[in-house]
Amino acid sequence: MLSSSAIESNLNGSSITFPSISIPKGELLLLKGYSGSGKSTFLHSIAGLVPLLKGHIRIKGHGEISENIVPKNWRNNAITIIPQRPLFWQSLTVIENIKLCEWSKGIESGHSEYILEKLGIIDLSKRAVNKLSLGQQQRLSAARALMSKAPVVLADEPTAALDEQNTHIMMDLLKEHQSKTGCSILVSSHDNRLDSIADQMVKLQ
Amino acid sequence: MKSFYFAWKAIWKRRSSTVFISLIWATGLLGFATIQRLNNGVSNTLRLQLENTDLLLSAKGSPTKSILANVFHLNNPNGNILKSEAEKVIANYNLKNVRRIAYGDNYKGFRILGCDSATWNHINYLEIKGNLPKEDNEVIIGRNVAQKTKLKIGDEFHGTHGIMGHDHNHKTTSYKVSGIIYSITPSWNRLIIGSISSVWKAHSHSDSSYTAVLARIDNPLEKLLIPKRIQKNSSIMSISPAFEINNVLSWMNQSTKVFSSISFLFLITAALIMFFLLQSHIKERLSDYALLRAFGASWLKIAKVVLWQNIILGGFAILLTYIGLAAIWFGQHNSIALSEILQKEVYWNLSNDIKWIFGCIALSILTSIGPWIWLQRIPLHRALVDS
């Protein structure tokens, strides 16, 4: 499970304060707020990408982040992140981008083909990523993150720019992953369609 | 090896900038490697040509011209020396491996050189087809002569008067090819070599003269003293080819240093350009590296990718340099002077390249460090959000 005290993050010299949260194992917390309210910064603080000025973030069995200290292998084992925009190495194919993620995390998931099939993009596995539609890229971005069995999934606006059908695929994917692994999920979004799958909701001002 | 693979794919995606960076790098390396080869080639050629030649006796005139004519067989000799006087000098001094030579005619611009039996032993044969001359009208020809004139063993030809092409043939003197030689000493490969008496026969009035006498002196002190003594006590010009060539070499070394410095500057410029290009290359790919960090890749893993990218670029530069060297190698065959200096054994002696190859790889590693450190200072959050 993930627990965070009220934290103060250092974003390029200015501090931003975030409320405390706690996500029990197998639950999904939806972080809502307008654009610019700091949703991505909060997720990146939990990922250890933005340094903390105050407070701590703890994941059971993986230690805690406090001021300028991020436990070793935090992003390898403790969390996995779906970035706001589907970022890929444009020089690589679909399957190679998944292998790149596995190499970065130091894991060998062995079920990349299964997830690609589930997402309906197995036929595209040898295609260059820039040949995929935005919806396919968003699904691939999620698939890549969910190769990991990390106890916490951070999803930054995972349904942004997705149509109704792709949004449902994404929601199903997150829920299925959650039921399989028992992970805690933190989703930042201003998409009301996600309200139905949330166990908790926190609104940033 | 995955880091290598990902680096390779990133490089391949940016083929045009990869070729551009490698070309700049390779231009500097090519200049450096070519100058190194020319330097080694000149030293090697001089060593081979001057082997066992501590003394040159010839007609008075320009010492350099005499060396070029009688040792390198390139220029016209100063003239002839009297056989009787030359033999007197030979008898009076402690000379070893004495070789007497006399220039005769030419055939299609290739010189016919008459020589004594000691000279036959002086030729460093790599290969000999046929036999050494047994009769006065028999000659052996160098491999270059055979290639250019299409003469074969058993063929007969008439010499043309003079060392370099005249049209007047000695209709009475014909020569027969008894063998074809390939010598490690380049000048022998472009000569037609017969006995000294055959040259005298072609010029019946000149049987009492040599063009030059070459000899070895074993005692180091005598190497310095004998040429001066002979010069003082006879009408023959007596010189130490090694001493004279040393003057030429010291001048050549200065030019080599200048060229080497220019290539080195080129290399440094290429390294600086590569450094900045790599930095901008990494800036362009900021989100790629930020993504790796977001996934949990260690700085060491990222360093490996950056390092491999630079080593691949360095490898391309080395490959392009060798393509350039091969182009020079195939292009230089039209020039006799260059082909004598750039001998295969010296030109493709790759052990001389180890230094600059290691230098290139070291530079690839060094130029990876700066961008890698810079990468660690960028805010990952912004790189992920703004990309």
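## Interface and internal contacts of a predicted two-chain model

The area buried between chain A and chain B is about 2,700 Å², and carbon and sulfur atoms give 63% of it; buried area here is the accessible area (1.4 Å probe) that two parts lose on being put together, summed over both. On the side of chain A, the residues that lose the most area to chain B are A:Leu87, A:Trp89 and A:Trp103, which together make up 30% of what that side buries.

This is a predicted model, in which local features need pLDDT of at least 70 and side-chain atom pairs count only at pLDDT 80 or more, while totals for chains, interfaces and linings use all residues. Residues are numbered from 1 along each chain as its sequence is written, chains are lettered from A and ligands numbered from 1 in the order in which they are written, and side-chain values use heavy atoms, with hydrogens and water left out.

**The interface.** Chain A contributes 30 residues to the contact and chain B 27 residues, where contact means heavy atoms within 4.5 Å. Nine residue pairs across the interface of chain A and chain B are in polar contact, both residues being at pLDDT 80 or more (a pair of N or O atoms within 3.5 Å; within protein, one must be able to donate a hydrogen and the other to accept it, and residues adjacent in sequence count only if both atoms are side-chain atoms). Helix 3 (94-105) of chain A, like helix 1 (39-46) and helix 2 (74-78), supplies at least two residues of the side that touches chain B, and helix 3 gives the most, with seven residues. Helices (H or I, at least four residues) and strands (E, at least two) are DSSP runs, numbered from the N terminus. By class, that side of chain A divides into 12 nonpolar, 11 polar and seven charged residues; Ala, Val, Leu, Ile, Met, Phe, Trp, Tyr, Cys and Pro count as nonpolar, Asp, Glu, Lys and Arg as charged, and the others, Gly among them, as polar.

**Salt bridges.** The structure holds 15 salt bridges over all chains, each a side-chain nitrogen of Lys or Arg within 4 Å of a carboxyl oxygen of Asp or Glu, and the rule finds one across the interface of chain A and chain B.

| Salt bridge | N to O distance |
|---|---|
| A:Glu96 and B:Lys9 | 3.5 Å |
| A:Glu8 and A:Lys54 | 3.7 Å |

Because A:Glu8 lies in strand 2 (residues 7-11) of chain A and A:Lys54 in strand 6 (residues 52-54) of chain A, their pair ties together parts that are 46 residues apart in sequence.
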